[in-house]
There are 4 protein chains.
Amino acid sequence: MPNTFGHLFRITTWGESHGKGVGVVIDGCPPRIPLSEEDIQKELDRRRPGQSKITTQRKERDIAAILSGTFNGMTLGTPIMIWVKNEDARPEAYAEMEKIYRPSHADFTYQAKYGIRNWQGGGRSSARETIGRVAGGAVGGKVLQFLYPEIEVIAWVSEVHGLKSLCDPNTVTREDVESNILRWPNAENLGEALKEIERAQKEGDTVGGIVECIVRGMPVGLGEPVFDKLEADLAKAMLSLPASKGFEIGSGFRGALMRGSEHNDPFYMEGNKVRTKTNWSGGVQGGISNGENLYFRVAFKPVATIAQEQQTVSVDGEEVILRARGRHDPCVLPRAVPIVEAMTKLVLVDHALRQKAIELTPRSFS
Amino acid sequence: MPNTFGHLFRITTWGESHGKGVGVVIDGCPPRIPLSEEDIQKELDRRRPGQSKITTQRKERDIAAILSGTFNGMTLGTPIMIWVKNEDARPEAYAEMEKIYRPSHADFTYQAKYGIRNWQGGGRSSARETIGRVAGGAVGGKVLQFLYPEIEVIAWVSEVHGLKSLCDPNTVTREDVESNILRWPNAENLGEALKEIERAQKEGDTVGGIVECIVRGMPVGLGEPVFDKLEADLAKAMLSLPASKGFEIGSGFRGALMRGSEHNDPFYMEGNKVRTKTNWSGGVQGGISNGENLYFRVAFKPVATIAQEQQTVSVDGEEVILRARGRHDPCVLPRAVPIVEAMTKLVLVDHALRQKAIELTPRSFS
Amino acid sequence: MPNTFGHLFRITTWGESHGKGVGVVIDGCPPRIPLSEEDIQKELDRRRPGQSKITTQRKERDIAAILSGTFNGMTLGTPIMIWVKNEDARPEAYAEMEKIYRPSHADFTYQAKYGIRNWQGGGRSSARETIGRVAGGAVGGKVLQFLYPEIEVIAWVSEVHGLKSLCDPNTVTREDVESNILRWPNAENLGEALKEIERAQKEGDTVGGIVECIVRGMPVGLGEPVFDKLEADLAKAMLSLPASKGFEIGSGFRGALMRGSEHNDPFYMEGNKVRTKTNWSGGVQGGISNGENLYFRVAFKPVATIAQEQQTVSVDGEEVILRARGRHDPCVLPRAVPIVEAMTKLVLVDHALRQKAIELTPRSFS
Amino acid sequence: MPNTFGHLFRITTWGESHGKGVGVVIDGCPPRIPLSEEDIQKELDRRRPGQSKITTQRKERDIAAILSGTFNGMTLGTPIMIWVKNEDARPEAYAEMEKIYRPSHADFTYQAKYGIRNWQGGGRSSARETIGRVAGGAVGGKVLQFLYPEIEVIAWVSEVHGLKSLCDPNTVTREDVESNILRWPNAENLGEALKEIERAQKEGDTVGGIVECIVRGMPVGLGEPVFDKLEADLAKAMLSLPASKGFEIGSGFRGALMRGSEHNDPFYMEGNKVRTKTNWSGGVQGGISNGENLYFRVAFKPVATIAQEQQTVSVDGEEVILRARGRHDPCVLPRAVPIVEAMTKLVLVDHALRQKAIELTPRSFS
């Protein structure tokens, strides 16, 4: 369970930062879905480090190889194993990590939990683990597209260190997002946002921010009404991402400031389709999608690796100073965007298959 | 899966608002834990409606009966079935719900998903479902207490419609919380907070707010590093609660405004114990508890049932006016407190058992 | 997990022999399946003790009450909770069980595993636990019938203490089976079989035997090819029954005596349907149903409760003599028949829903 | 789920016969267990084809590579990914399989279920899938050994086409079993058994048989009392093996011929240990191990690939003759031995971890 996500469409990620590679096994993927290594590579390339000056300069090509589960460009219904070799491994660069717990990393907690850890590059706690998620999400996205051709999952960087991009979630496009290295869909204050990051970078520091996500073309009826509410599974998916600290859907924390008469989304008819006038619900009611856009936000803390001296302790229980270190992302947000999208697709495709399983007869709404 | 929570310590809730009752089956509870109906009743009484003027006036005694799984006051290691009869069922009071979808309730989405729904009192989407959670949490709490006698789970209402209670999470006591009907641990502005709710109530309206939760006496090493991160499972638990719209841990959304140099929690030694000076992490690093206090916040939207006319649609697709209705909570927050605690205990006890399973030898930290 | 069976159509049984009752929670049942208490009662009545002189004389009416999950005679898609009260509980009749481990019962192993046990009537290890299975199977059967109206699950007693009923599995009818108290579909040697049981009964003894099961009208394509092979899940289902010691499908142990040229089932065409001339496979190939009749056999040991003195040990580790006891089945087989059918339906309905989930497009065979 | 086995110690196998390899991901393995590629290779070598004249002459070295989850020769507690490249792939040798369904293989059922199949060498239905099981079992065995150093899992070929090896399960040794190419622990009739196989081989035929397994040094208390009975999980494990048709534990089908007074295993004391005089139970009572030897038997049908012409149908629905084919095992049994052992270890280690999870306090027996 610990490394598996999903009930019917299930991914299990594996691999450490400096081992022989990282990857994912996808089980429960329906057969006869067109799938190529390019489908996966395209998404991995969006996640890859070294894309720009505001992300880490590590050079990892992250080439996806499908080792099983497809035949003649189609899924077989059998497990799909995807492997990405580790290339830019420089374990010596991490030598001090053997002896020192980096603040706000997982070094200490891994050691405490397991009594052992692969200290090279963070081992399993490295962000490289998310490669398996992105690869899995790419496959999940293909299935989702097959089931609901109109569905569209778009995430973007909506805040950097307090500065907001202020785009309209309902109309923002993939092109807007991908038009710049920050995945910031607002040309007006893009420069300001980049400057914010560069300023932190110069000072050997990092910044936090927010990623927003919208899903358009949502079907009605996905989600389960009790523990596996759609928003609950999304919250779990997002809080399972490295560096995430918060999740909100629809009105979110702002909803706590409202009154019921403001917050309730009045129903109306659009042709024979039930719609809501506002969407404070964020596309879910009682854990089940109502057909409106799914809309949520994820808070990311600033990256913990900074180029400044820090106070910490050694594995032997001595208080020590951790020297400044290099080659890391000043801002994780642009690379988080495809990961948020991948996890969203994984949640949706799993619920889509779950819904198929219990739909014995045509529903009154669809 | 849809109605089950947990991997090793598992609860399955069942029951509709106006059926023969609601309840829970607990599977995976270790044997020989002292357990009585009083242990459960105590927590149910905190959740029960009709406790004060600021919660719904429905009169439900919610008496817990244990039907299986205990013997001579001890758990047997077999499934514990707990049943709470429905008493104050007045289906006729909900007659219009058969024909009309209430805004921001689950009426429409249930109908859309299942093609059928028990419209009496919201059926399965009723907050009565949380009775099973609270009962399950009471049992989970007993096991947790056995494993970690120093653990303490305390939740409280920290915001009502924007007004903050401003207590210190690290020192707030259960007595502070239970000293008033709002579970508001700040005597100074309690009156103001109550007035806020009463004002909404008079206007036939409801208010949202925030519940905070702290866990003290946390062991090191609970949680899984990838998908089942402790914060991920907590996020899922909280977003599975009716009316919740957001979750944040430690710094949360505020962390998005910070720099790494501020946010990182420096390690230091307290005797031979590894501690952190700050706790922006909220007690978890890399998904695993670090022994500091677990600290998180949950946003609740205002209750959707209001005593005002609302625009909506009928099951036949006609736009109609929903008349004002009565007998509901103007503010769900005080009753949410024991539910948040119950879900927290369920997450913790599950991870505690999972940790026991893999701990073959003494760890270097504990 | 321990008390739950199935992946999508899941039952969780609960309850001890002398507690407040036994029952089942069914989760994952599709909505809008007609379901009444009579549907369940009908199957429970077939399992009930006291039906004839060759089964235990305990008088239990075993009345099923549905506490949740249905509305106006239809399933809601929410958990279905079914409760059967314990009525003929006479704990005092079992007083010596507190102190003594009955040979070949679960008294010792429960105590060893849990360090506690409900010794009244065997507690959770009582055959009363199978009430939940039969109730769950009744619901599963309704769903199965909806999906595959031609499916027919028939089990019968095929051997008693070595005497064989020798019916043709492909043509035996429910009427043949239910025509007598032994569920023995062969009028010719029924008398002999009954005499075999009565002889054992007179001598305070019990007899073992075999239950066979056939499923006609099987769809092609149910089952999973690796661990969750249809025969693997059936084997688990059958070996999870009290007193079962063996399972074989198709040729079974006889297949071990054969050569490939004999055992292979040649394919031929019947219209445009692929058929096999023989059915040594028993309806499954590679773990997946091939549309031929599913056919398997389950071996049951003789009931462990006998009316003879037996050597055993006490909970205090002393060797003692267990006195003769009464009121038990000389032969469990006729009552095992509906239980075998119930478990078969549960396996099939679960795989049917799993298949629905991955079937995105029409298959080439169906 | 379909390709995953186990609850806490979980393996997921992946890979097709003629793809880029086969393998396994092991999740839930406790940390700090010594583990090397040699540990795995040793078991794979026992499963490997081409070991002798009575098994297939395909030359596959089946070299295990650990891609993740270990560090400095120890398990990390993270997923262990093991990959075995496919080497002797000759897809052209299987060309006719694209068009023809081989009798009693999974060609037809895969096509019927998925609407697509990798027909090269049987794809996922190839016995190569069991490589992942054996690798997983090797790891499971290391954990089991750590937990219960006295445990010993030994399987052997006990019957070939009706000829019995007649060894004493309680004393048979690994050396007896490995002393010959048939894994037949009886020197007296070994020649006869080999002749039986050679005779079939010469006639282009194959033979079935039985594998037996004993586990000595069993702890008391493993297993769950209801659905996950130890024998139920073993039955599932064994029936999930290619070509298996039956499973029996302890008395098995012979138990159906017995009376209770014969079958009951009388308890006695051996020092302060509770023992049974006979072991018709096969080491389990009520689904839980009682400390006696675990003993079970698995029936294997003759291999379906034979060097004789066979009647079958094509994918286009035409009746055709399948030509004789070569290079396959005349008798799968010796290679099944390490696979049966692997699955046994996987069942035991999973239940061992499950028991650890619920054991909060010392049990009265151990």
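Student: How do you know which residue pairs count as polar contact across the interface of chain C and chain B?
Tutor: A polar contact is a pair of N or O atoms within 3.5 Å. Within protein, one atom must be able to donate a hydrogen and the other to accept it, and residues adjacent in sequence count only if both atoms are side-chain atoms. Between chain C and chain B, eight residue pairs pass, both residues being at pLDDT 80 or more.

Student: Which elements supply the side of chain C that touches chain B?
Tutor: Those giving two or more residues are strands S2 (10-15), S3 (22-27), S4 (64-68), S6 (74-75) and S7 (80-84) of chain C. S2(C) gives the most, five residues. By class, this side has 17 nonpolar, 15 polar and eight charged residues. Nonpolar means Ala, Val, Leu, Ile, Met, Phe, Trp, Tyr, Cys and Pro; charged means Asp, Glu, Lys and Arg; the others, Gly among them, are polar. Strands (E, at least two residues) and helices (H or I, at least four) are DSSP runs, numbered from the N terminus.

Student: What are the ground rules?
Tutor: This is a predicted model, where local features need pLDDT of at least 70, side-chain atom pairs count only at pLDDT 80 or more, and totals for chains, interfaces and linings use all residues; side-chain values use heavy atoms, without hydrogens and water. Residues are numbered from 1 along each chain as its sequence is written, while chains are lettered from A and ligands numbered from 1 in the order in which they are written.

Student: Why is the pair C:Glu37 and B:Lys20 called a salt bridge?
Tutor: The term needs a side-chain nitrogen of Lys or Arg within 4 Å of a carboxyl oxygen of Asp or Glu. Here N to O is 3.6 Å, so the pair qualifies. Chain C and chain B share two salt bridges.

Student: How many residues make the contact of chain C and chain B, and what area is buried?
Tutor: Contact means heavy atoms within 4.5 Å. Each chain contributes: 40 residues from chain C and 40 residues from chain B. Together they bury about 3300 Å², 65% of it on carbon and sulfur atoms. Buried area is the accessible area (1.4 Å probe) that two parts lose on being put together, summed over both.

Student: How do you know how chain C and chain B are related?
Tutor: Copies are superposed by least squares on C-alpha atoms of residues with pLDDT of at least 70 in both. A turn of 180° and a shift of 0.0 Å along the axis lay chain C on chain B with an RMSD of 0.0 Å. The copies are thus related as by a two-fold rotation axis. In chain C, the C-alpha nearest the axis belongs to C:Val25, 4.0 Å away. Of the interface residues of chain C, 100% are also interface residues in chain B, so the copies meet through the same surface.

Student: What makes up the interface of chain C and chain D?
Tutor: There, 111 residues of chain C are in contact with 110 residues of chain D. The buried area is about 8800 Å², with 60% from carbon and sulfur atoms. C:Lys113, C:Phe227 and C:Arg259 supply 11% of the area that chain C buries there, more than any other three residues.

Student: Why do D:Glu203 and C:Arg259 count as a salt bridge?
Tutor: Their closest N and O atoms are 2.5 Å apart, so they pass the limit. The rule finds eight salt bridges across this interface, and 45 residue pairs in polar contact. Helix H2 (residues 107-114) of chain C gives the largest share of its side, seven residues. That side divides into 49 nonpolar, 37 polar and 25 charged residues.

Student: How do you know how many disulfides there are?
Tutor: A disulfide needs two cysteine sulfur atoms within 2.5 Å. The search finds zero over all chains. For example, the sulfur of C:Cys167 is 11 Å from the closest cysteine sulfur, in C:Cys213, too far for a bond.
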